[in-house]
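Work through the exercises below with the sequence and the model open. Each task is followed by a solution in steps.

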Amino acid sequence: MNKNCVLALAQKEFSDKLYEPSFFVLVAIFMGTIFVYLQSKGGGENFKQVVQVIGVFFPLTGIALGYDGIIKEKNSKSLNVLLTHPVFRDNIITGKFLGISMALALVVFLSLILIAASDFIISGKVAELDSLLRLLIFGIFTFLYLLVFTAFGLFASIWCKTEIESLTLGVLVWINICVALGPIIMTLASLASGQSLFDMTKEYASTTAAIYNISPLHHFAEVTIGYLDLSLCAFNVPTDVYGFMDTKYSISYLIGYYWQNAIILLILPFLFLAASYISFLRDDI
Amino acid sequence: MENISNIKIIAQKEFADHLKSPVFLSFSATFTLVILAYSCLKGMEVEYTLNVLGSPDLMRGFEGVVEVVGRFAPIIGIVLGFDAIVKEIKSSSMNVLLTHPIFRDNIILGKILGSGLCILSVLFFSVNLATGVMLIISGIPVTMQQITRIEIFVLLTFFYALFFLAISIMTSTISKKSNNSLLFNIIFWLIITILITDLIFTVDLTLSGDSHSAQAQTQIFKNFLPDYQYTTTAVGVKDADTGLTSGIGGIFDTRYTLEAWAEEFWPNLAYLFVLPFILLIGSVLAFLKMDIIY
């Protein structure tokens, strides 16, 4: 019974999202960006740019998908009608979360498959199973990273009173986490260790790396290209391993190497989902 | 005369409303935080070049500040304008306002004036703070000439942000809901400042296969972008191949006088000053012809 409710809600949410004009805009922008940065120059630097644009600017797509999840229903009074049916509040949240996650997965994987396939066809490269698998892992991490922001958007949509408040909160969190946090951490590390960034000391590097752990962008950067941070003029130390796309190492070795970052990316969306549950169950509608 | 006093009252109200609005305050704080964080880093970089090379590379510091201000100043314009009209219509206060002896053009001009003043005060405060922090950390003594140039830079940034204010007031006149208007403006900002030139270059390169002609054609298109005109006046024209600045390196290049700067960049300046007003006239016209229903 419960499962059916959740699935029905997820279906409805997913199909609603597909009919929204803003969804098509998001797909077009996502595809456009991946196309631009994969085609333009070639070489490893190129891939870093794709990951940077995805890491810094694409959380906004996640927020745009999630910010009106509950508040829209509340303001149009359809939530009251929905709750008169035999469906529990936690079903609604789970259904919404599933529906929005499916829409996000569609955006990420559809663009990746189309762009990668066209790249293989145009260039005539032979796709090996190993490289396809790595591409899939990259897609999964991108999806999980964006899901963090979608789940936050959903949480904001329960917590805030109006749609505009929820969107504003989402955008503010995005700017602070993805743009401002990098340089703030570098300045903080400089204050904490008493060393300047340009002294290039080990102490400064280790302090910065320790503080970076609070940023989701850091974990995404680590698993994809092995960087510490991706924001503008970010601080990086050279390493031996360059994320899951580094073909020098086997996938099983890389899983062992990056398991902490992967777990954090996996847990964060569910943390926000749990917060959404608590806040929605106690909400006076 | 009465018209002017009407406009003044609405501008005052708009200005006071913005100063109390949590949305505006939180965005201004974030904007200031972002440019302050980057300025600190740039200050450290200038100090480092001073210690290692013996001569300060102050231009690099200013270029960093310009880059981050240029990327995020549009947000201030967007936040001030995105619900200017649609909010009043939704809350039905527009109908009440229009029952008073006041014309529609007074309302929108007052709103533009109030929001414009708000932009100017935020930019004046945060850009001075950012450049000030950058100069303090770098340890280089500030001259009067630099202060004048920083204030001119604030004005340039103001007109750049005004362009985005005009766009967002226009969308707030057209759109039915505030959140759609905000989302549209943010996507527009991302496309204009980050994606569009790369997209055109890539499409051109894929079609022609020649990077030089693609570069040249992208340059033709770039001339229409406010983003490009703004950075040109602030840090000069960069060569696409070498990445070096040819000629005057923008407003902060103290080797040249301000007259030489204005003479070199007058077409860019004219574009930057005129475009926002054309768009503002557009939004006034859109509002005058609009059917107010709710």
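A residue is buried if 20 or more other C-beta atoms lie within 10 Å of its own, exposed if 12 or fewer, and partly exposed in between, with C-beta atoms placed from the backbone. The model is predicted: local features need pLDDT of at least 70, side-chain atom pairs count only at pLDDT 80 or more, and totals for chains, interfaces and linings use all residues. Residues are numbered from 1 along each chain as its sequence is written, and chains are lettered from A and ligands numbered from 1 in the order in which they are written.

**Exercise 1. Loop residues**

Task: Is A:Lys77 buried or exposed? In which loop is A:Lys77 found?

Solution. Step 1: A:Lys77 has 10 C-beta neighbours inside 10 Å, so A:Lys77 counts as exposed. Step 2: A:Lys77 sits in the loop between α5 (71–75) and α6 (78–84) of chain A; helices here are DSSP runs (H or I, at least four residues), numbered from the N terminus. Step 3: the phi of A:Lys77 is near 65 degrees, which is positive in a residue other than glycine. For background, most residues other than glycine have a negative phi.

Task: Repeat the steps for B:Ser92.

Solution. Step 1: B:Ser92 has 11 C-beta neighbours inside 10 Å and therefore counts as exposed. Step 2: B:Ser92 belongs to the loop between α4 (86–90) and α5 (93–98) of chain B. Step 3: its phi, near 65 degrees, is a positive value in a residue other than glycine.

Task: Place A:Glu20 and state its exposure.

Solution. Step 1: A:Glu20 lies in the loop between α1 (2–19) and α2 (21–39) of chain A. Step 2: with 14 other C-beta atoms within 10 Å, A:Glu20 is partly exposed. Step 3: A:Ala64 is 44 residues from A:Glu20 in sequence, and the C-alpha atoms of the two are 11 Å apart in space. Step 4: A:Ala64 is one of the buried residues of α4(A). Eight of the eight residues of α4 (residues 59–66) of chain A are buried, so this helix is largely enclosed by the rest of the structure.

**Exercise 2. A kinked helix and its packing**

Task: Where is the kink in α12 of chain A centred, and against which helices do the buried residues of α12(A) pack?

Solution. Step 1: helix α12 (residues 251–281) of chain A has a kink of about 70 degrees centred on A:Tyr258, where the bend is the angle between axes fitted to the seven residues ending at a residue and the seven starting there. Step 2: the buried residues of α12(A) include A:Tyr258, A:Leu265, A:Ser276 and A:Phe280. Step 3: the buried residues pack against α7 (89–123), α8 (129–159) and α11 (216–225) of chain A, a contact being two C-beta atoms, placed from the backbone, within 7 Å. Step 4: on α7, A:Ile93 touches A:Ser276, A:Tyr277 and A:Phe280, not counting residues up to four places away in sequence. A:Ile93 is buried, with 24 C-beta neighbours inside 10 Å.

Task: How do α8(A) and α11(A) lie relative to each other?

Solution. Step 1: their axes are 10 Å apart and meet at an angle of about 180 degrees; axes are lines fitted to C-alpha atoms, for helices over the stretch in contact, and angles run from 0 to 180 degrees between N-to-C directions. Step 2: α8(A) and α11(A) are therefore roughly antiparallel, the word for angles over 145 degrees. Step 3: A:Phe138, A:Phe141, A:Tyr145 and A:Val148 of α8(A) meet A:Pro216, A:Phe220, A:Val223 and A:Thr224 of α11(A). Step 4: the residues of this contact are seven nonpolar, one polar and no charged (Ala, Val, Leu, Ile, Met, Phe, Trp, Tyr, Cys and Pro count as nonpolar, Asp, Glu, Lys and Arg as charged, and the others, Gly among them, as polar).

**Exercise 3. Between the chains**

Task: How many residues does each chain give to the contact, and which helix of chain B gives the most?

Solution. Step 1: chain B provides 29 residues and chain A provides 31 residues. Step 2: on the side of chain B that touches chain A, α2 (22–53) and α8 (178–208) of chain B each supply at least two residues. Step 3: α8(B) gives the most, with 15 residues. Step 4: by class, this side of chain B has 20 nonpolar, six polar and three charged residues.

Task: Which residues does B:Val34 touch?

Solution. Leaving out residues up to four places away in sequence, B:Val34 touches A:Ile175, A:Val179, A:Ala180, B:Val68 and B:Phe72.

Terms used
Angles under 35 degrees count as roughly parallel, over 145 as roughly antiparallel, 65 to 115 as roughly perpendicular and the rest as oblique.
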